[in-house]
Amino acid sequence: MGRLAIITGGSSGIGRHLVSAFAREGYDVAFGHFQDDAAAAEVIAEVEAQGGRAFAMSCDVADMLATEEFVASAENWAGEAPEVLINNAGIQTWAPLLELSEERWDAVIRTNLKGTFVNTQVVAKHMIAGGKRGSIINLGSGCNKHAFPRLVDYTASKGGIEQFTKVSAVELGPHGIRVNCVAPGAIETARTKAEAPDYAKTWGDVTPLRRVGTPEDIAGPVLFLAGDQSAFVTGQTIWVDGGVFTQA
Ligand code: NDP
């Protein structure tokens, strides 16, 4: 039996790659998803084909009761309390401030920010009750470094996650739980490609490392923060953006 890692939003994009990467490292991976049951079943099949173990459940990240059920089921499946949580699930809207609907604002803040709070609280309680030292990694965004027009709701949610990371790290540190944030730059996934077919070229041209990011680029730093090599690192944000948001 491996160590249990819980990953939200594991059915697509970066989360899907994180599920595979953690399973390859020997973790038992329990992931949440929302609407796409078929994609979740594909991810489990992929992990099992590489000899790993994965468990999935549809669960709205911002629903406290559903999350308690998901985490209890994951713990039951793995036979042990979680050691890693990756708060990856997130949604994004492109809309100017003056046109952004109240409904959309609520959805983005609820999924991204409240979802991070709900999963952190539920999983941290399981880590403490199970006597585990734990590592929690929150997905922020490189867009926090700048002021991107038409991303006011998303940027507010990700800025909130960065601050949430710091306060959680201070409060959970005495329990042996570390909390850090990984802030990706432009990462090519099915979603970003669908939003802009020339996404890779557009971002590759303006990134100092002269290419767009991939989900693999995110998995390395997340694995580092999950493992013992980062045992004294907490409350930090690692920017994984090829330098694109460092330049003026
Ligand atoms: P995707 O859109 O590909 O995947 C989002 C995942 O979140 C899906 O598994 C989806 O499940 C799940 N999800 C959405 N809403 C909910 C909900 N209410 N409850 C539970 N699960 C939900 O996203 P990406 O891989 O592109 O992004 C992953 C993370 O990385 C996000 O937090 C994003 O903000 C961040 N990020 C991404 C960047 C990029 O360039 N791709 C850049 C910077 C940050 P389902 O499909 O089943 O609905």
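Ala, Val, Leu, Ile, Met, Phe, Trp, Tyr, Cys and Pro count as nonpolar, Asp, Glu, Lys and Arg as charged, and the others, Gly among them, as polar. On that scheme, the shell around the ligand holds ten nonpolar, 16 polar and three charged residues.

This is a predicted model: local features need pLDDT of at least 70, side-chain atom pairs count only at pLDDT 80 or more, and totals for chains, interfaces and linings use all residues. Numbering starts from 1 along each chain as its sequence is written.

Staying with the ligand, 29 residues surround it, where near is a C-beta atom, placed from the backbone, within 6 Å. Gly9, Gly13, Phe34, Gly90 and Ile187 are the closest. α1 (13–24), β2 (28–33) and α6 (190–195) each give at least two residues to the shell, and α1 has the largest share, three residues. Helices (H or I, at least four residues) and strands (E, at least two) are DSSP runs, numbered from the N terminus.

Now the sheet. Seven strands form an open, parallel sheet, ordered β3-β2-β1-β4-β5-β6-β7; two strands pair if DSSP finds at least two bridges between them. β3 (53–58) and β7 (237–240) are at the edges with a single partner strand each, so one side of each has no neighbour in the sheet. The twist from one strand to the next averages 20°, with axes fitted to C-alpha atoms, for helices over the stretch in contact, and angles from 0 to 180 degrees between N-to-C directions.

Last, a helix. α5 (residues 152–172) lies across β5, β6 (177–184) and β7, at about 165° to β6; contact means C-beta atoms, placed from the backbone, within 7 Å.

Notes:
Two residues are in contact if their C-beta atoms, placed from the backbone, lie within 7 Å.
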